[in-house]
Amino acid sequence: MTQFLTLHGTAVSLILELPEGEAPLWRYWGRRLPDGVALQPIRASRPTPSFSLDFDQPLSLFPGLGVGWFGESALLAHRAGRDWTFQATSSAVEQDGQTATMWLTDDVAKIAVAITLNLDSQSDVLTVSTTLTNLGDAILDVQWLAAGVVPLPGDACEVHSFGGRHNDEFVPITDQLTRSTWRRENRRGLTSHACFPGAIVAAAGATYGAQLAWSGNHRQSIEWIDDGRFQWQMGEWLAPGEIWLAAGESITTPEMLATCGIDANAVAQNFHSAIRQRITWPGGKMKPRPVHLNTWEGFYFNHDEAALMELADAGAAVGIERFVLDDGWFAGRNDDTSSLGDWWTDTAKYPNGLRPLAEHVTGLGMEFGLWVEPEMVNPDSALYRAHPDWALATPGRPGITARNQLVLDMAKPEVSDYLFDKIAALLKDLPITYLKWDHNRDLTTAGAQPRYHKQVEAAYALMARLRAAFPHVEIEACAGGGGRIDAGIIRHTHRFWTSDNIDAVSRVSIQRGFLQFMPPEVMGSHIGASPAHATGRSQSMDFRGAVALPGHFGVELDVRKLDERDRTKLAEWIATYKAHRDRMHHGKVWQGDGDDGLLWQAHGDADGILLFVYRVAPQSHRHAPLVRLSMLDPKRRYGIDGIEYGGAWLVQHGLSLPPLKAETSLMIEVTAL
Ligand code: GLA
């Protein structure tokens with residue numbers, strides 16, 4: 001009798017059919033089914049259509065090429081032109097609670113595959129990854145190995161993904177799903193601003209989401225298949241020749257995180273819960289996210305010790321809790337043309353090293369953080385002069401600089417040892433509790449044999465090694481702002497720098513995209529100067545404050561130069577953040593569009609929410625639109641500004657708002673009574 005494997009989450013279920021000696025067949029992944037659904041084997045439930053193979057080939061967990069599957073294969077590999085097909089000749093399943101491992105062996109192609117699926121019942125996120133082992137004698141050249149393959153229902157109609165560039169991350173892209181394959185690929189060597197490794201798919205009655213936990217190249221596709229469903233594959237994009245497995249060698253893909261729910265907000269909440277579980281906090285638990293003061297836009301490379309001490313004084317006075325010394329502190333770094341790699345203090349700027357500044361900061365009760373860009377080297381640096389061969393290069397090709405820098409070959413042990421020693425010396429010598437870890441370029445010449453994959457693994461390994469040696473240190477992932485935001489690096493880090501664009505109008509949409517996949521407590525969001533450096537637009541302190549507030553809040557301007565009014569307002573926003581961060585950083589998030597261009601987001605739970613309403617463009621309707629608060633409990637009563645409302649009224653009718661001018665916002669507390 002055919003066996004089935006069922007995993008139930010809280011609101012999600014999956015069912016795989018386990019025919020003897022074959023890869024498991026996908027029967028269901030979607031909103032939760034009742035326990036004990038009676039199932040017929042798929043082949044018993046559908047006749048063979050005309051002009052079809054006599055042996056039906058439904059979508060499996062690991063569809064293989066060349067043996068009757070005509071859709072995209074989960075594997076593209078060969079041994080010097082042979083062994084290019086894949087079909088399991090034996091299979092086995094092991095289930096341990098919410099985790100199932102599927103073992104597939106192909107005795108013909110001499111390949112073993114292990115697919116691990118975990119459906120976490122707390123988050124409802126399915127995590128899938130695949131390990132492939134070369135059982136043959138000759139090298140197996142792997143061109144594609146899906147991290148995961150999941151089915152989507154035939155009524156899936158629209159896919160929402162995100163593009164962008166430096167200063168313009170999370171640009172929404174909407175595509176219709178048709179019988180043409182939908183595909184997005186990233187070949188920039190890091191997560192990239194241009195293509196977030198994930199997407200959201202809308203279907204009738206359910207919304208699906210997936211993201212790849214990887215900080216390098218990636219590829220995803222959604223393909224219509226013969227039975228009217230779609231298959232969604234996600235994995236690392238591999239350059240030709242990148243993965244050559246010798247006899248007995250294995251490769252494990254990054255994890256694919258996939259979930260579904262009633263709408264995009266449910267998907268976001270599930271992702272937030274899963275990401276929260278992936279973060280390892282110093283001390284085992286997230287402490288309240290401290291208010292940052294980052295020196296970059298206030299000072300750029302013009303470090304002046306006395307001025308920075310004054311900045312720290314001014315910051316402490318308005319309530320700053322962590323002072324992050326950005327780029328410009330190390331040997332000879334006066335602009336972006338030199339010194340990356342020379343990770344020791346510039347004694348011209350800091351005659352007695354960084355200790356006086358660091359101790360000044362900690363003496364004021366703030367933490368001290370430092371910017372580094374470990375994977376990079378400027379040709380004009382002591383490091384490059386000593387070790388030009390440490391830069392990643394492709395023989396015969398010119399080294400291509402970006403922001404005047406080259407990339408170090410991180411997989412060379414001498415490179416990672418050098419970086420570990422240099423950063424460890426700083427962490428040992430100084431009271432540093434935070435590193436902002438940058439990566440300011442895409443990868444180009446990536447080795448004689450492509451080393452994109454190795455580069456990511458080596459960067460993770462260096463982070464892990466530093467964290468093991470200095471467990472009290474938090475790390476922020478940055479790559480020219482939001483070029484390295486993904487569920488892979490978050491295992492080693494604690495914050496993302498969301499964008500170098502701090503203009504509050506731009507940030508509204510950037511942060512909305514971010515929050516679809518990542519929780520607010522890891523979303524670096526700062527109050528910047530007005531006019532904003534990235535765009536030249538000016539916004540009030542109140543608008544800048546309200547937009548930055550729901551994330552991991554910070555300030556990135558020269559606090560000393562604010563006039564009295566703005567400085568007071570800034571201190572008020574900092575106090576407001578401290579009063580609400582607990583709810584914002586532990587609760588759920590809902591985002592919505594009101595009518596007439598009004599955008600809102602709510603943080604909290606049915607006991608109460610903090611509602612942010614943003615008006616970016618001027619109102620065009622005569623009256624402000626209503627905001628329906630569907631997350632509230634219709635049976636409860638709520639208080640807003642001293643007025644009592646029935647939950648059902650707020651859920652079904654909505655909350656009336658006053659008119660708002662462009663680039664203004666409202667922050668409303670809704671409390672269950
Ligand atoms: C990148 C970061 C900025 C800043 C600069 C420093 O652009 O995103 O926040 O750290 O590098 O050079």
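Three domains make up this protein, which is seen here as a predicted model: domain 1 covers residues 3–278, domain 2 covers 290–580 and domain 3 covers 591–672. Between the C-alpha centres of domain 1 and domain 2 there is a distance of 35 Å, and across the boundary of these two domains 43 residues of domain 1 are in contact with 41 residues of domain 2.

The ligand is surrounded by 13 residues, and those that come nearest are Asp-326, Asp-327, Arg-403, Lys-436 and Asp-500. By chemical character, the shell around the ligand consists of six charged, four nonpolar and three polar residues. Several side chains place a polar atom at a short listed distance from an oxygen atom of the ligand: for Asp-327, an N or O atom of the side chain is 2.6 Å away from such an oxygen, for Lys-436 the distance from a polar side-chain atom is 2.7 Å, and for Asp-438 it is 2.9 Å. Taken alone, the ligand has 300 Å² of accessible area, and the protein covers 97% of it.

Turning to domain 1, a residue that repays a careful look is Gln-231, which belongs to strand 16, a strand running over residues 230–235. Is Gln-231 buried or exposed? Its relative accessible area is 1%, and because the limit for a buried residue is under 20%, Gln-231 counts as buried. The side chain of Gln-231 has polar partners in this setting: one of its polar atoms lies 3.1 Å from the backbone oxygen of Glu-72, and it also makes a polar contact of 2.8 Å with the side chain of Glu-223. Leaving aside residues up to four places away in sequence, Gln-231 touches a longer list of residues, including Leu-59, Pro-63, Trp-69, Val-149, Val-150 and Ile-222; Glu-72 and Glu-223 are among the residues touched as well.

Some backbone details also deserve attention. As a general background, most residues other than glycine have a negative phi, and most peptide bonds are trans. Against this, Phe-170 is not a glycine and yet has a positive phi of about 55°. Phe-170 is part of strand 11, residues 168–176, and it is buried, because its relative accessible area is 5%. Lys-110, likewise a residue other than glycine, has a positive phi near 60°. Lys-110, however, is placed in the loop that links strand 6 (99–106) with strand 7 (111–119), and with a relative accessibility of 40% it counts as partly exposed. A further backbone detail concerns a peptide bond: Ser-530 and Pro-531 are joined by a cis peptide bond, with omega at about 0°. Pro-531 is found in the loop between strand 28 (523–528) and helix 10 (541–548).

Finally, Ser-45 offers a view of how far the chain extends in space. Ser-45 is in helix 1, which comprises residues 42–45, and its relative accessible area of 46% makes it partly exposed, because that class lies between the limits of 20% and 50%. From Ser-45 to Asp-417 there are 372 residues in sequence, and the two are 59 Å apart in space when taken from C-alpha to C-alpha.

Definitions and conventions. Residues are numbered from 1 along each chain as its sequence is written. This is a predicted model: local features need pLDDT of at least 70, side-chain atom pairs count only at pLDDT 80 or more; totals for chains, interfaces and linings use all residues. Side-chain values use heavy atoms; hydrogens and water are left out. Helices (H or I, at least four residues) and strands (E, at least two) are DSSP runs, numbered from the N terminus. Buried means under 20% relative accessible area, exposed over 50%, partly exposed in between (1.4 Å probe, protein chains only). A residue is near a molecule or strand if one of its heavy atoms lies within 4 Å of it. A polar contact is a pair of N or O atoms within 3.5 Å; within protein, one must be able to donate a hydrogen and the other to accept it, and residues adjacent in sequence count only if both atoms are side-chain atoms. Accessible areas come from the Shrake-Rupley method with a 1.4 Å probe; for residues, only the protein chains shown count as cover. Ala, Val, Leu, Ile, Met, Phe, Trp, Tyr, Cys and Pro count as nonpolar, Asp, Glu, Lys and Arg as charged, and the others, Gly among them, as polar. Domain bounds come from an automatic or database domain assignment. Contact means heavy atoms within 4.5 Å.
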